[in-house]
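Reader: I am new to this structure and would like to understand how each description of it is justified. Could you take me through the reasoning step by step?

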Amino acid sequence: LTLCFTPPSRGRRPCHTSPPIELAEFSQFASEVVERYLVEPTTVFGSHGLVTTFVFIRHGETEAVGKTLAGRNPGLHLTARGIGQARTLAERLNFRRLDRVISSPMERTRQTAALITEIHGTDMEIDEAFLEVDFGDWTGRGFDEMETDTLWRRYHEFRGGIRIPGGEMALEIQTRVVAATERLRNETPEGVIALISHGDPI
């Protein structure tokens, strides 16, 4: 398995090839996660044949960007630049109708969503499925400090097979986001939905 990041972000080389993993063990884990999060296939994929458009939006800049692994720490708000980014985006999206604006419950995503709803006149909805990754024991640590952590380096070499200490595994993040997106697709056929979330879940 080769993982690529485009563009490369801090602490991640452009591409990584994973170490060997026991396929049977990973398949069992994958089956359990999918069973936990996903509903019946007929409900997930639907039969209406209509297209729902999703606009995935990462929150604006915060003081933690490039410095610390903020994770789910509360009280992190947009900087002045981040507010400007969100406002500019909201204005650029004004050419099309937004039927729903759905945000992660974190302050930084709600701030971003509020600037969008202010211009579009759409109510903000909160959905925990689009929460930031649960970084567990790594939450709040600086990236400079993390670069010396062997498990952190291994995590970026093979995210799919390593659980964050005290936190989530990549498959769990992917499954909750995909399941929620499919649910919204069936709730709003032919609609346009803005989803304000975080870099990794997106």
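Author: Helices are DSSP runs of H or I with at least four residues, and strands are DSSP runs of E with at least two, numbered from the N terminus. By that rule the chain, which is a predicted model, comes to seven helices and six strands. Along the sequence these elements follow the pattern β-β-α-α-β-α-β-α-β-α-α-α-β.

Reader: What share of the chain is buried, and how much area does the chain expose?

Author: Of the 202 residues in the chain, 42% are buried, a word used for a relative accessible area under 20%. The chain exposes about 10,900 Å², and carbon and sulfur atoms supply 52% of that area. As for contacts with a separation of 6 or more, 74% of them are between residues 24 or more positions apart.

Reader: Why is isoleucine 102 called buried?

Author: The relative accessibility of isoleucine 102 is 2%, and the cut-off for buried is under 20%, so isoleucine 102 counts as buried. Its place is in strand 4, and, with neighbours within four places in sequence left aside, isoleucine 102 is in contact with residues including Phe130, Leu184, Ile193 and Ile196.

Reader: What makes both faces of strand 4 count as covered?

Author: In a regular strand the side chains alternate between the two faces of the sheet. Strand 4 covers residues 100-103, with Arg100 and Ile102 on one side and Val101 and Ser103 on the other, and all of these are buried.

Reader: How do you know that strand 4 pairs with strand 6, and with strand 5?

Author: Two strands pair if DSSP finds at least two bridges between them. Strand 4 and strand 6 have four bridges in the parallel sense, so that pair meets the requirement, and within it isoleucine 102 stands opposite leucine 195. Strand 4 and strand 5 (residues 124-126) run parallel and are joined by three bridges, so that pair meets the requirement as well. Here valine 101 stands opposite methionine 124. Between these two strands the chain passes through helix 4 (residues 107-120), in a β-α-β crossover that is right-handed. The C-alpha atoms of isoleucine 102 and methionine 124, which are 22 residues apart along the chain, are separated by 5.9 Å.

Reader: How do you know that the span of helix 3 agrees with what its residues should give?

Author: Helix 3 (residues 80-92) has 13 residues, and the expected span is 1.5 Å times one less than the number of residues, so 18 Å is expected. The end C-alpha atoms of helix 3 are 18 Å apart, which agrees with that expectation.

Reader: Why are the buried residues of helix 3 said to be on the same side?

Author: The buried residues in question are Gly82, Ala86 and Ala90. They cover an arc of only 75° around the axis, and therefore they lie on the same side of helix 3. An α-helix has 3.6 residues a turn, so residues three or four places apart point the same way. On the other side of helix 3, Ala80, Arg81 and Arg92 are exposed, while what covers the buried residues includes helix 4.

Reader: Why is histidine 120, in helix 4, called buried?

Author: Histidine 120 has a relative accessibility of 17%, and since the cut-off is under 20%, histidine 120 counts as buried. Apart from neighbours within four places in sequence, histidine 120 is in contact with Ala90, Leu93, Asn94, Arg96 and Leu98.

Reader: Glutamate 132 is placed in the loop between strand 5 and helix 5; why is glutamate 132 called buried?

Author: The relative accessible area of glutamate 132 is 9%, and buried means under 20%, so the word applies to glutamate 132. Not counting residues up to four places away in sequence, glutamate 132 touches, among others, Gly71, Arg108, Glu168, Arg176 and His198.

Reader: What makes aspartate 144 and glutamate 190 count as exposed?

Author: Exposed means over 50% relative accessible area, so aspartate 144, at 54%, counts as exposed. Aspartate 144 is found in helix 5 (residues 143-146), and its C-alpha atom is separated by 8.4 Å from that of threonine 68, 76 residues apart along the chain. Glutamate 190 has a relative accessibility of 52%, and so it counts as exposed under that cut-off too. Glutamate 190 is found in the loop between helix 7 (170-187) and strand 6 (192-197), and its phi is near 70°, a positive value in a residue other than glycine.

Methods:
Residues are numbered from 1 along each chain as its sequence is written. This is a predicted model: local features need pLDDT of at least 70, side-chain atom pairs count only at pLDDT 80 or more; totals for chains, interfaces and linings use all residues. Side-chain values use heavy atoms; hydrogens and water are left out. Buried means under 20% relative accessible area, exposed over 50%, partly exposed in between (1.4 Å probe, protein chains only). A crossover is right-handed if, with the strands pointing away from the viewer, the path from the first strand over the helix to the second runs clockwise. The arc is that of the directions from the helix axis to the C-beta atoms. Contact means heavy atoms within 4.5 Å. Accessible areas come from the Shrake-Rupley method with a 1.4 Å probe; for residues, only the protein chains shown count as cover.
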